[in-house]
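Reader: I would like a close look at a single part of this structure, read together with what lies around it. Please keep to what can be taken from the coordinates, and say how far they can be relied on.

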Amino acid sequence: MELSFRTRTEADWTVLQVTGEVDLATRDELRERLLALVAEGARHLVVDLTGLEFIDSSGLGVLIRVHTVVQEQGGSLTLVANQERILKPFRVTGLADNYFTIVDSVEAAVSAVEAAAAEAGEPAGDTEAGDTEAGDTEAGAEPTGGADPADRASGAGPAGR
Amino acid sequence: MSTVRLGFSPAPAHVRTARLVAVAVARRAGVAEEVLDEVRLAVGEACSRAVALHQLYEVRDLVDVEMIDGQRFTVRVLDRAPAETRLTGGAVPDPVSLVTRGDGPGSAESFMEESVAVGMGLALLTGLVDDLTVGPRDDGRGTAVAMSWAAQRG
C-alpha cells in the first residue's frame, strides 16, 4: 500500500498531510518526501498524521531522523495526531512526552510554530502582513529578525537552492 | 482450539498482510476491540523484525506466523535467521535515550535511523505485550517471538 501526500506551504511553515500506512514497506517514501521538502527550503515542518491508518517503529525512525535534520538547520518538526492508534506508538516509546511536539490539529501546530518564531524574535508566518507569496518558502528571503544572527545564518540557507 | 498459519517471503510488503490476518483472526478469537490495535502493532513489529533479520543475513526461508485461538489468543512469529541477542539479551534501553544521546551527526543518519527504529521496535513489543517470550525455535534454527492476549468468549 502506497502512501499519499498533500503539501501546503505558507509563509515559514509547510504542512505535509500523510495518508496510508507507514511501515517497513513505505518508510522510504515518507523519508524521501520529507527530506525533499527540507532540501527545497521548508523550515518549519508540520506533519499531519490525522489521516494515517497505521505507523510503526519504521515510521518513528524516519520522523526522528527528519526531526534531527530540521533541528540542525534551525527549523522545527511538529506532529499532528488525534487518533489513539497513531498516538499509541509515540506514547509507549516515550516519544510523545519527551521528544516530539504532538498537537491535535494543524491550526494548533501552526500556532505553535508561529509562537516559537515570535519568541525567537523572528517574523511570524503572518499571512496578513500583506506580502503573501504563498509558494515562497525560502527562509533566507525573510527580513532578519535580529535575534541570534549566527543561528539564522546556519539555519536559513538550505544548500542547493 | 484452532490455528491459522501464514508463511511469507521475507519482503516488507508482506508484513501488512500478516498484520491484517492477525487482526482478523484475533477478532474472531474474541480479543477485545480496543486491544486489536495493539495486536496489529505488535504482530507488525515482530514480523518487521523477522523480515529485517532475514534480509540482513540473506535468508530466503519464509517467515512463519502461527495464530492460535485457545485459552488466550497466541501469535508466534518464527524466523530462520541466526539468533540475535537484541531481544533476549536483557533490558531494553530507554527508547528516548536512543535519540537524545547524540550518537553521531548527519553522515550517520541512515544508520541512526535504522538503529533507532530497531530500538523503538523492541520498546513497542515489550511495552505493548504483557505476555512476550522470545527464544529459539523448537528445532533450534531461528527465533520464536510469542505473544498472547486475553480472548473473551461471548
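Author: The account below starts with one helix of chain B and the loop after it, then turns to the rest of that chain and to several sites in chain A.

This is a predicted model, and its scores are ipTM 0.87 and pTM 0.81.

The part chosen is helix H2 of chain B, residues 33-56. The helix has 24 residues and spans 35 Å from its first C-alpha to its last, which is close to the 34 Å expected at 1.5 Å a residue. Of those 24 residues, 17 are buried, so H2(B) is largely enclosed by the rest of the structure.

One contact of chain B can be followed from the other chain. A:Ser57, which is placed in helix H2 of chain A, touches B:Glu45, B:Ala117, B:Met120, B:Gly121 and B:Leu124, once its neighbours within four places in sequence are set aside. A:Ser57 has a relative accessible area of 5%, and because buried means under 20%, this serine falls in that class.

What comes just after H2(B)? The backbone there has B:Glu58, with a positive phi of about 55 degrees. Most residues other than glycine have a negative phi. B:Glu58 is not a glycine, yet its phi is positive. The residue lies in the loop between H2 and strand E2 (63-69) of chain B. Its relative accessible area is 70%; because exposed means over 50%, B:Glu58 counts as exposed. The loop residue is thus exposed, whereas H2(B) itself is largely enclosed.

Chain A offers a second site of this kind. A:Ala11 is not a glycine either, and its phi is positive, at about 50 degrees. This alanine sits in the loop between strand E1 (4-10) and strand E2 (13-22) of chain A. At 27% relative accessibility, A:Ala11 counts as partly exposed.

To place the helix in its chain, the secondary structure of chain B comes to 4 helices and 5 strands. Their order from the N terminus is β-α-α-β-β-α-α-β-β. Chain B has 154 residues, and 50% of them count as buried. Taking contacts in chain B between residues at least 6 apart in sequence, 67% join residues at least 24 apart. The chain exposes about 7,500 Å², of which 51% is supplied by carbon and sulfur atoms.

One example of two positions far apart in the sequence of chain B is B:Ala83 with B:Thr143: they are 60 residues apart, and their C-alpha atoms lie 6.2 Å from each other. B:Ala83 is in the loop between strand E3 (72-78) and helix H3 (95-100) of chain B. With a relative accessible area of 68%, B:Ala83 is exposed.

Confidence in chain B is uneven along the sequence. The mean pLDDT of the chain is 87, and 82% of its residues reach 70 or more. Over residues 102-107, however, the pLDDT is below 50, and this stretch has 1 contact in the model beyond near neighbours in sequence. Where pLDDT is low, the predicted coordinates should not be read in detail.

Returning to helix H2 of chain A (residues 57-72), A:Val69 is another of its residues. A:Val69 counts as buried, at 9% relative accessibility. Apart from neighbours within four places in sequence, A:Val69 is in contact with A:Leu35, A:Val38 and B:Glu109. For A:Val38, which is 31 residues away along the chain, the C-alpha separation from A:Val69 is 8.3 Å.

The two chains also meet through a charge and a ring: the charged end of B:Arg19 sits over the ring of A:Phe54, 3.8 Å from the ring centre.

As for ring pairs, the structure holds 3 aromatic pairs over all chains. One of them is A:Phe90 with A:Phe100, an edge-to-face pair at 5.7 Å centre to centre, with 80 degrees between the planes. The two residues are 10 apart: A:Phe90 is in helix H3 (residues 84-92) of chain A, and A:Phe100 is in the loop between helix H4 (95-98) and strand E6 (101-103) of that chain. Both A:Phe90 and A:Phe100 are buried. Ring pairs also bring in A:Tyr99, and the cluster is made of A:Phe90, A:Tyr99 and A:Phe100.

Terms used: Residues are numbered from 1 along each chain as its sequence is written. Chains are lettered from A and ligands numbered from 1 in the order in which they are written. This is a predicted model: local features need pLDDT of at least 70, side-chain atom pairs count only at pLDDT 80 or more; totals for chains, interfaces and linings use all residues. Side-chain values use heavy atoms; hydrogens and water are left out. Buried means under 20% relative accessible area, exposed over 50%, partly exposed in between (1.4 Å probe, protein chains only). Contact means heavy atoms within 4.5 Å. The expected span of a helix is 1.5 Å times one less than its number of residues. pLDDT is the predictor's confidence in each residue, from 0 to 100. Accessible areas come from the Shrake-Rupley method with a 1.4 Å probe; for residues, only the protein chains shown count as cover. Rings of Phe, Tyr and Trp (its six-membered ring) pair if their centres lie within 6.5 Å; planes under 30 degrees apart count as stacked, over 60 as edge-to-face and the rest as tilted. A charge sits over a ring if NZ of Lys or CZ of Arg is within 6 Å of the ring centre and within 35 degrees of the ring normal.
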